[in-house]
Amino acid sequence: QVQLVESGGGLVQPGGSLRLSCAASGSIFSGYDMGWYRQAPGKQRDLVAIINRRGSTNYADSVKGRFTISRDNAKSTMYLQMNSLNPEDTAVYCCWLFRPPDGYWGQGTQVTVSS
């Protein structure tokens, strides 16, 4: 019953910016903790940022100061603003929602940072 759809990925030059969106269906959106993960080819899936039901946020050290996670409960949408992108940020970015006792994943959106 919970469905997540990401958008906003694409190709961007080093130093550029992108904003990812994750639209979540289902009731009581404001009661869910959510986050962004990414996975590059040949690497494990890593946590990028999380935002809990109260809006409190945490970031991976690699993106602190460059990425901002936010949510708009009225629109049932979570965002990831990515600035100062570098090639190491290239990955498939997936949103995640925790509805106890289960977690739910979106299909992912590709972000490629290259000249």
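Reader: Where in the chain is Ser 76 found?
Author: Ser 76 is in the loop between S7 and S8. Keep in mind that this is a predicted model. The phi angle of Ser 76 is near 50°, a positive value in a residue other than glycine. The hairpin that S7 and S8 form has four residues between its strands.

Reader: What makes S7 and S8 a pair of strands?
Author: The number of bridges. Strands pair if there are at least two bridges between them, and S7 is joined to S8 (residues 77-82) by six. The two strands run antiparallel. For one example of a bridge, look at Arg 71, whose partner in S8 is Met 78.

Reader: Which side chains of S7 point to the buried face?
Author: In S7 (residues 67-72) the side chains alternate. Phe 67, Ile 69 and Arg 71 point to one face and are buried, whereas Thr 68, Ser 70 and Asp 72 point to the other and are not.

Reader: And what sense of pairing do S1 and S3 have?
Author: S1 and S3 are antiparallel too, with four bridges, against the required minimum of at least two. Val 5 has Ala 23 as its bridge partner in S3. S1 (residues 4-7) also has two faces: Leu 4 and Glu 6 are on the covered one, Val 5 and Ser 7 on the uncovered one.

Reader: How do you know that Cys 22 and Cys 95 form a disulfide?
Author: Compare the distance with the cut-off. Two cysteine sulfur atoms count as a disulfide within 2.5 Å, and those of Cys 22 and Cys 95 are 2.1 Å apart. The structure holds one disulfide. Cys 22 lies in strand S3 (residues 18-24) and Cys 95 in strand S9, so the bond ties together parts that are 73 residues apart in sequence.

Reader: Why is this disulfide called right-handed?
Author: Because the torsion about the S-S bond of Cys 22 and Cys 95 is about 60°.

Reader: Why is Cys 94 not bonded to the closest cysteine sulfur?
Author: The closest cysteine sulfur belongs to Cys 95, and at 7.4 Å it is too far for a bond. The cut-off is 2.5 Å.

Reader: Are Cys 22, Cys 94 and Cys 95 buried or exposed?
Author: Buried means under 20% relative accessible area. Cys 22 has 0%, Cys 95 has 0% and Cys 94 has 9%, so each of these residues counts as buried.

Reader: What makes Ser 84 partly exposed?
Author: Partly exposed is the range between under 20% and over 50%. Ser 84 has 45% relative accessibility, so it falls in that range. Ser 84 lies in the loop between S8 and S9, and its phi is positive, near 50°.

Reader: Why is the pair of Tyr 37 and Trp 96 called edge-to-face?
Author: Two numbers decide it. Rings pair if their centres lie within 6.5 Å, and planes over 60 degrees apart count as edge-to-face. The centres of these rings, in Tyr 37 and Trp 96, are 6.3 Å apart and the planes are at 70°, so the pair is edge-to-face. Tyr 37 is in strand S4 (residues 33-39) and Trp 96 in strand S9 (residues 91-99), 59 residues apart. Both Tyr 37 and Trp 96 are buried.

Reader: Then why is the pair of Trp 96 and Phe 98 called stacked?
Author: Planes under 30 degrees apart count as stacked. Trp 96 and Phe 98 have their planes at 5° and their centres 5.7 Å apart, so the pair is stacked. Phe 98 is partly exposed, at 30% relative accessibility. Ring pairs link Tyr 37, Trp 96, Phe 98 and Trp 105 into a cluster.

Reader: How do you know that the charged end of Arg 45 sits over the ring of Trp 105?
Author: The distance must be within 6 Å and the direction within 35 degrees of the ring normal. The charged end of Arg 45 is 4.2 Å from the ring centre of Trp 105, and it counts as sitting over the ring.

Reader: What makes the approach of Arg 38 to Asp 89 a polar contact?
Author: The N or O atoms must be within 3.5 Å, and the side chains of Arg 38 and Asp 89 make their contact at 2.9 Å. Arg 38 is found in strand S4 and is buried, with a relative accessible area of 12%.

Terms used
Residues numbered from 1 in each chain as written. Predicted model: local features only at pLDDT ≥ 70, side-chain atom pairs only at ≥ 80, totals over all residues. Heavy atoms only, no water. Buried < 20%, exposed > 50% of the residue type's maximum accessible area, 1.4 Å probe, protein only. Phe/Tyr/Trp six-rings, centres within 6.5 Å; stacked < 30°, edge-to-face > 60°. Polar contact = N/O pair within 3.5 Å; in protein donor to acceptor, adjacent residues only side chain to side chain.
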